[in-house]
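User: Hello! I am new to reading protein models, and I would like a close look at one part of this one. Could you walk me through how its helices meet?

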Amino acid sequence: MQKVKHISRRKMKASVISDLHLGTYGCKAPQILDYLQGIEPETLVLNGDIVDGWQFTRSYFPASHLKVVRQIIKRA
């Protein structure tokens with residue numbers, strides 16, 4: 001029998017995230033996703049450089065980056 005993992009989220013008034021650089025090789029998407037899943041802010045502020053448009057190519061946008069996008073949209 002597999003145990004169910006209960007996630008307790010830190011409640012906070014606001015969280016500001018910036019410089020995610022999704023779509024680049026240097027992005028730390030798994031760490032970003034862990035952070036987003038571990039918080040419950042009343043307000044989530046996206047403060048620039050979320051998707052790196054100037055380096056963006058259609059050939060590189062891994063599933064881990066898409067999970068971050070989905071997590072952000074889920075909170076909208």
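Analyst: Happy to help; here is a walk from the overall layout to the place where the helices pack.

Keep in mind that this is a predicted model. The protein has two helices and two strands, and along the sequence these follow the pattern β-α-β-α. Of its 76 residues, 28% count as buried. The protein exposes about 5,900 Å², with carbon and sulfur atoms supplying 54% of that area. Contacts also reach far along the chain: among those between residues at least 6 apart in sequence, 89% join residues at least 24 apart.

Now to the helices. Two packed helices are described by the angle between their axes and the distance between the axes. Helix H1 covers residues 29-37, and it packs with H2 at an angle of about 25 degrees, the axes lying 9 Å apart. Angles under 35 degrees count as roughly parallel, and H1 and H2 are therefore roughly parallel to each other. Their crossing is left-handed.

Which residues of H1 and H2 make the contact? From H1 come Ala 29, Ile 32, Leu 33, Leu 36 and Gln 37. From H2 come Ser 64, His 65, Lys 67, Val 68, Gln 71 and Ile 72. Sorted by class, the contact of H1 with H2 has six nonpolar, four polar and one charged residues.

Let us zoom in on one of these residues, Gln 71. It lies in helix H2, which spans residues 63-74. Is Gln 71 buried or exposed? The cut-off for buried is under 20% relative accessible area, so Gln 71, at 8% relative accessibility, counts as buried. Leaving aside neighbours within four places in sequence, Gln 71 is in contact with Leu 33, Leu 36 and Gln 37. Those three residues belong to the H1 side of the helix contact.

Finally, have a look at the loops that come before the helices. Asp 19 is found in the loop between strand E1 (10-17) and H1, and Asp 49 sits in the loop between strand E2 (39-46) and H2. Phi of Asp 19 is near 55 degrees, a positive value in a residue other than glycine. Asp 49 has a positive phi of about 55 degrees although it is not a glycine either. Asp 19 is partly exposed, with a relative accessible area of 44%, and Asp 49 counts as partly exposed at 40% relative accessibility.

Definitions and conventions:
Residues numbered from 1 in each chain as written. Predicted model: local features only at pLDDT ≥ 70, side-chain atom pairs only at ≥ 80, totals over all residues. Heavy atoms only, no water. Helix = DSSP H or I, 4+ residues; strand = E, 2+ residues; numbered from the N terminus. Buried < 20%, exposed > 50% of the residue type's maximum accessible area, 1.4 Å probe, protein only. Contact = heavy atoms within 4.5 Å. Areas by Shrake-Rupley, 256 points an atom, 1.4 Å probe, with all protein chains shown as cover. Axes fitted to C-alpha atoms, helices over the stretch in contact; angles between N-to-C directions. Parallel < 35°, antiparallel > 145°, perpendicular 65-115°, else oblique. Left-handed = near helix turned anticlockwise from the far one by under 90°. Nonpolar A, V, L, I, M, F, W, Y, C, P; charged D, E, K, R; others polar.
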